[in-house]
Amino acid sequence: MTDTTLPLGRALNAGLRRALEDDDRVMLMGEDIGPLGGVFRITEGLQADFGPKRVVDTPLAESGIIGTAIGLAMAGFRPVCEIQFDGFVFPGFDQITSQLAKFTNRHEGSLRMPVVIRIPYGGHIGAIEHHQESPEAYFTHTPGLRVVSPSTPNDAYWMMQDAISSDDPVVFLEPKSRYWQKGEIDTAERALPLHASRRVRRGTDVTLVGHGAMVTTLLQAAALAESEGVSCEVIDLRSLSPVDYGPILDSVRSTGRMVYAQEAPGFTSLGSEVAATVAERAFYSLEAPVLRVSGFDVPFPAAKLEGVFLPDADRILEAVDRALAY
């Protein structure tokens, strides 16, 4: 075991570096990802080490970036595209959902699309409009795409490499508010496959489920609940499509209660799907309805209001109290 401590952003950098070293077909594409290293410095130093033909600064044209990546994948490359901010993905949305997601099915499996779309997403950084979004439901709703989101540096390091090695297109959602959150990385051995959810805290009274940046908030809520005598189990989804329901259902069958928390608005969201599936598959184990805590069904607000919009530990604990009251 080789352990090191890195912020999540540097862990992504290390994962990209290792993928570039291991496979000459891997190349990175995006706006300002070369000498600048990207807005969040995730690709810092990579162009200097691997050259401008493998770490490519592109024009400000998301549709062109994704379309070019599709052509490169058809030619045998494994492109990794950076979308500078979550709200900037929509000019490339048609390429992702109408072309990239459908190519393999269109060719009856004979043509693979090993393309990774990196998207920093979510709030908590006080950004302006188009720089704070949670667009995951658009992509999880699209057949043909795999969608993942790490919550820890170790997951960021390994999941990035696994996404790049996938023969299917992967939307890789990076919780940008956690880029500076440090954690240990085992660089010798991955803990879980790409599409596995995991239990990050044991508990007996209520199951808390979430993904990305929200996992840290769930752990904060669980710690506060413990001080009040309530034991919360926490499940990190990790993979948003497909969803690994095994650990979630095992936990709910033990606790009898579940709360799902997310930054995205609640209507027709990932939380809606998980809640419905748990209600279908663990109905006789539930002692209370599956509850959801989410952003409100309004556009992502200005920085001064994001603290009201985004779920915090208090809103999660209020849902825990409601679940226990049944």
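**Group meeting: burial, salt bridges and helices in a predicted chain**

Good morning. I begin with a cysteine: C81 has a relative accessibility of 0%, so this residue counts as buried. Buried here means under 20% relative accessible area, exposed means over 50%, and partly exposed lies in between, with a 1.4 Å probe and protein chains only. C232 is buried too, because its relative accessible area is 1%.

Before going on, I should state that this is a predicted model, in which local features need pLDDT of at least 70 and side-chain atom pairs count only at pLDDT 80 or more, while totals for chains, interfaces and linings use all residues. Residues are numbered from 1 along each chain as its sequence is written, and side-chain values use heavy atoms, with hydrogens and water left out.

How many disulfides does the rule give? A disulfide is a covalent bond between the sulfur atoms of two cysteines. The rule asks for a pair of cysteine sulfur atoms within 2.5 Å, and by it the count is zero.

Let me turn to the chain as a whole. The chain holds twelve helices and 14 strands; helices (H or I, at least four residues) and strands (E, at least two) are DSSP runs, numbered from the N terminus. The C-alpha trace spans about 60 × 45 × 40 Å along its principal axes. For 326 residues, a compact globule would have a radius of gyration near 20 Å, and the chain agrees with its 19 Å. That radius is taken over C-alpha atoms, and the globule rule is 2.2 Å times the number of residues to the power 0.38.

Of the 326 residues, 57% are buried. The exposed area of the chain is about 13600 Å², and carbon and sulfur atoms supply 53% of it. Contact means heavy atoms within 4.5 Å. Among contacts between residues at least 6 apart in sequence, 80% join residues at least 24 apart.

Next, two helices. In α1, residues 8-22, there are 15 residues, which at 1.5 Å a residue should span 21 Å; the end C-alpha atoms are 21 Å apart, so the two values agree. The expected span is 1.5 Å times one less than the number of residues. The buried residues of α1 include L8, L12, L16 and L20.

How many of the 13 residues of α7 are buried? Twelve of them are, so this helix is mostly covered. Among the buried ones are P153, D155, Y157, W158 and I164. The expected span of α7 is 18 Å, and its end C-alpha atoms are 19 Å apart, which agrees.

I now come to the salt bridges, of which there are 18. The rule requires a side-chain nitrogen of Lys or Arg within 4 Å of a carboxyl oxygen of Asp or Glu. In one of them, R118 pairs with E82, and the closest N and O atoms are 2.8 Å apart. This pair links distant parts of the chain, since R118 is in strand β5 (residues 116-121) and E82 is in strand β4 (residues 78-82), 36 residues apart. R118 counts as buried because its relative accessibility is 3%, and E82 is buried with a relative accessible area of 7%.

In another pair, R238 and D155 meet at 3.0 Å, N to O. R238 lies in the loop between β11 (232-236) and β12 (239-241), and D155 in helix α7 (residues 153-165), so the salt bridge ties together parts that are 83 residues apart in sequence. Both R238 and D155 are buried.

Are the partners of the next pair, R322 and E318, close in sequence or far apart? They are four residues apart in helix α12 (residues 313-325), about one turn of the helix. An α-helix has 3.6 residues a turn, so residues three or four places apart point the same way. The closest N and O atoms of R322 and E318 are 3.0 Å apart. R322 is partly exposed, at 35% relative accessibility, and so is E318, at 41%. Elsewhere, salt bridges that share partners join D155, R198, D236 and R238 into one network.

Finally, consider V206, in strand β10 (residues 206-210). At 0% relative accessibility, V206 counts as buried. Leaving aside residues up to four places away in sequence, V206 touches several residues, including C232, V259 and L324. Thank you for your attention.

How values were computed: Accessible areas come from the Shrake-Rupley method with a 1.4 Å probe; for residues, only the protein chains shown count as cover.
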